[in-house]
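Subject: Structure for you to look at

Dear colleague,

I am passing on the structure we talked about, with the sequence beside it. Please open it first and keep it in view while you read the notes below.

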Amino acid sequence: MDPVNHVEGKAYPFGRKNVDTDVIIPAHWLKTISRIGLGRGAFEALRAEPGNLFDDPAYAGSPILIAGDNFGCGSSREHAAWALGDMGIKAVIAPSFSDIFSGNAFKNGILTVVLPQEAIDRLMEVAKTDEIHVDLENQTVTTPFQDRFSFEIDPFRKQCLMGGLDEIGMTMAMDGQISNYEQRAAAAWPWQAGGANA
Amino acid sequence: MLKALGMASRPRTLYEKIWDAHVVDQRADGTCLVFIDRHLVHEVTSPQAFEGLRVAGRKVRRPDLTLAVPDHNLPTTPRKDAAGNRLPIADPESAQQLAALEQNAPAFGIRYIGATDREQGIVHVVGPEQGFSLPGTTIVCGDSHTACHGGLGALAFGIGTSEVEHVLATQTLLLTPSKTMEVRVEGALGPGVTAKDLALEIIRRIGAAGGTGHVIEYTGSTIRALSVEGRLTVSNMSIEGGARAGLIAPDDVTFAYLKGRPMAPKGADWDAAVSYWRTLVTDPGATYDRTVLIDAAEIAPNVTWGTSPEDVVPITGVVPDPMDFADPSKQEAARKSLAYMGLEPGMRMQDVAVENIFIGSCTNSRIEDLRAAAAVLKGRKKAPGVKWAIVVPGSGLVKEQAEAEGLDRVFKDAGLEWREPGCSACLGMNPDKVPPGERSASTSNRNFVGRQGPGARTHLVSPAMAAAAAVTGRLSDVRELGGDA
């Protein structure tokens, strides 16, 4: 994963609440065995509407998406994060995210920035004309109009994003601890090992 | 041993007990490396994970804790011809994805239940049915309805494909602890009111984002009185309330359900397991971050009107007016939902005609669900306006059981189609779809825009209510129709 720090540019002023991952990428796109190329299916139903936000040339290639509460709810499909990444989104700003989606976004180097609704309302206005700057290191979202919103992020996630770290490799380096746990678990709950082999 | 596993003596919730028992390592920032006891794998969210392992030259750490079953893409039409030969999958992309799982599972040493095996079914039906899913275990799958297995007292949640790869490689996940929410339901459910109606009621009350960041523990006399299958239905829909996992403390009902299942512990292991499982209750004095109380007597058979699972009204109710909502963004969402659904404020839900009926999905495709639907359909016919009505058992074993009880005949005699197991019309991925602009009464879990196919209009209901809608051709109150439900 490439390191992430600054995301700067135009933003889609989307703002909708409870956007589920079926809306982000419908199920018929999930038949792929690859991670790439899903941007073509992103927001397919919305893009079928004439004059939709995502095909508006004013926002073409925007790296930021501004959304409403509970963004990414529903299905766990990581294809939603892959689709957003493939259409060039590097940060999503919303009042809240579904737990599974924010994890998936993080694994793909997409920042999920949580800000209060008032900040979202302001950024929606700014996005219509101007660029927005997300600074992960300083944990701020700023605009050319001196707006400055601070956001919280899990320190471990921040470290992984800024370092572009391979999480699986990091965990595999803890093989000793995992093996110790497996031995303790085998003694405490002997019926659990081999469960799939019956 | 308990001390060795890091268990403290202060009062703990069921969630905390399971969590504590699975922490491999805790980082200074609070992130924990958590051991995963059971990993269910299906064809849609695993190909990229196996590819990742291959590229990095990594193996599956614990194939003995991993079980692979195809379900999402499989057509529910017959899988073998009259001579017993496997029929090809018509859609080339689906065929490729199914073939990938069929190849990846043995290549990585994973037990695979294939498309034509009698045990095949929806992962969340197969896991409990095989006794693979057990109380006190951590269970993951690349599917958000993994929350289902919480009905057995397992900490079970959906994960993305990167996490699938992480679990395959390390049998662990990096997680931060969740907050806890107790949903306590007391009293008896009325006639015709089922676990599904209860699940919809809970989501109506807490909202689609109400459980975000939380694990829900369902408690109270109503929950205790549910069968394991009903508990699986309630826990299944935790994710529709935003909670990644649901939990129901295991009890004698759970143990009776699991005993003798193929992958469940046996002999002395069984006795030891039950002794341990009996400790999996929230201690007196333990506290939840939030508690929601529900009186079961207030719950009617429920139905959804909009495009979020929180858009729930009793079947006796009417389509709401968007202006009834205090929150301006909810007003706007409701207007969009009603436009998509083709409904007007004030319309009686019972006047809404449906052309499609879907009885199935990981929420409602177990034997008790099929019995409830059959009880309503017995001796009746589907209405002429109902163009497409299918019953999709959750697994091959559910199908066998239903056929042994003659339920398939009841469905067929009523004019419904009796299909092979799979996810079917829950998600618009395989050939089972609701046509654009048409309406369905569906026992699945999501009424999202386009979920059952582009332009499809979904009304979520219980199996008995779906059967009632099949008979009348409109959303109907099963209590007025009778039957044994």
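The contact between the two chains takes 55 residues from chain A and 71 residues from chain B, and please keep in mind throughout that this is a predicted model. On the side of chain A that touches chain B, the elements that give two or more residues are helix H1 (21–24), helix H4 (99–107), helix H6 (155–163), helix H7 (167–172) and H8 of chain A. Of these, H8(A) provides the largest share, with seven residues. If you sort the residues on this side of chain A by character, you will find 24 nonpolar, 18 polar and 13 charged.

Helix H8 (residues 175–188) of chain A is also a good place to cross over to chain B, and the sheet it meets there comes next. This open sheet has three strands in the order E1-E2-E8 (chain B), and the pairing is antiparallel. Strand E1 (23–26) and strand E8 (172–175) of chain B stand at the edges, where each has a single partner strand, so one side of each is left without a neighbour in the sheet. Neighbouring strands of the sheet are turned by 20° against each other on average, if direction is ignored. H8(A) packs on this sheet and touches E1, E2 and E8 of chain B, while its direction makes about 145° with that of E1(B).

Within the sheet, strand E2 (residues 32–35) of chain B pairs with E8(B) in the antiparallel sense over four bridges, and Phe35(B) has Thr172(B) in E8(B) as its bridge partner. Which way do the residues of E8(B) point? Thr172(B) and Leu174(B) point one way from the strand, whereas Leu173(B) and Leu175(B) point the other way, and all of them are buried.

Turning to chain A by itself, you can count eight helices and eight strands, and the C-alpha atoms fill a box of roughly 60 × 40 × 25 Å, taken along the principal axes. Of its 198 residues, 47% count as buried. Among the contacts in chain A with a separation of 6 or more, 69% are between residues 24 or more positions apart.

One helix of chain A deserves a closer look. The buried residues of H6(A) are Arg157(A), Cys160(A) and Leu161(A); they cover an arc of only 95° around the axis, which puts them on the same side of H6(A). What covers these buried residues includes H4, strand E5 (111–114) and H7 of chain A. H6(A) is followed by Gly164(A), whose phi is positive, near 60°.

Finally, chain B is divided into domain 1 (10–300) and domain 2 (305–481), and 24 Å separate the centres of these two domains, taken over C-alpha atoms. In chain B, 40 residues of domain 1 are in contact with 40 residues of domain 2. On the side of domain 1 that touches domain 2, the elements that give two or more residues are helix H4 (123–130), helix H6 (195–206) and helix H8 (228–236) of chain B, and H6(B) gives the most, with six residues. The residues on that side of domain 1 of chain B divide into 13 nonpolar, 15 polar and twelve charged.

With best wishes

Conventions: Residues are numbered from 1 along each chain as its sequence is written. Chains are lettered from A and ligands numbered from 1 in the order in which they are written. This is a predicted model: local features need pLDDT of at least 70, side-chain atom pairs count only at pLDDT 80 or more; totals for chains, interfaces and linings use all residues. Two strands pair if DSSP finds at least two bridges between them. Axes are lines fitted to C-alpha atoms, for helices over the stretch in contact, and angles run from 0 to 180 degrees between N-to-C directions. Two residues are in contact if their C-beta atoms, placed from the backbone, lie within 7 Å. A residue is buried if 20 or more other C-beta atoms lie within 10 Å of its own, exposed if 12 or fewer, and partly exposed in between; C-beta atoms are placed from the backbone. Domain bounds come from an automatic or database domain assignment. Ala, Val, Leu, Ile, Met, Phe, Trp, Tyr, Cys and Pro count as nonpolar, Asp, Glu, Lys and Arg as charged, and the others, Gly among them, as polar. The arc is that of the directions from the helix axis to the C-beta atoms.
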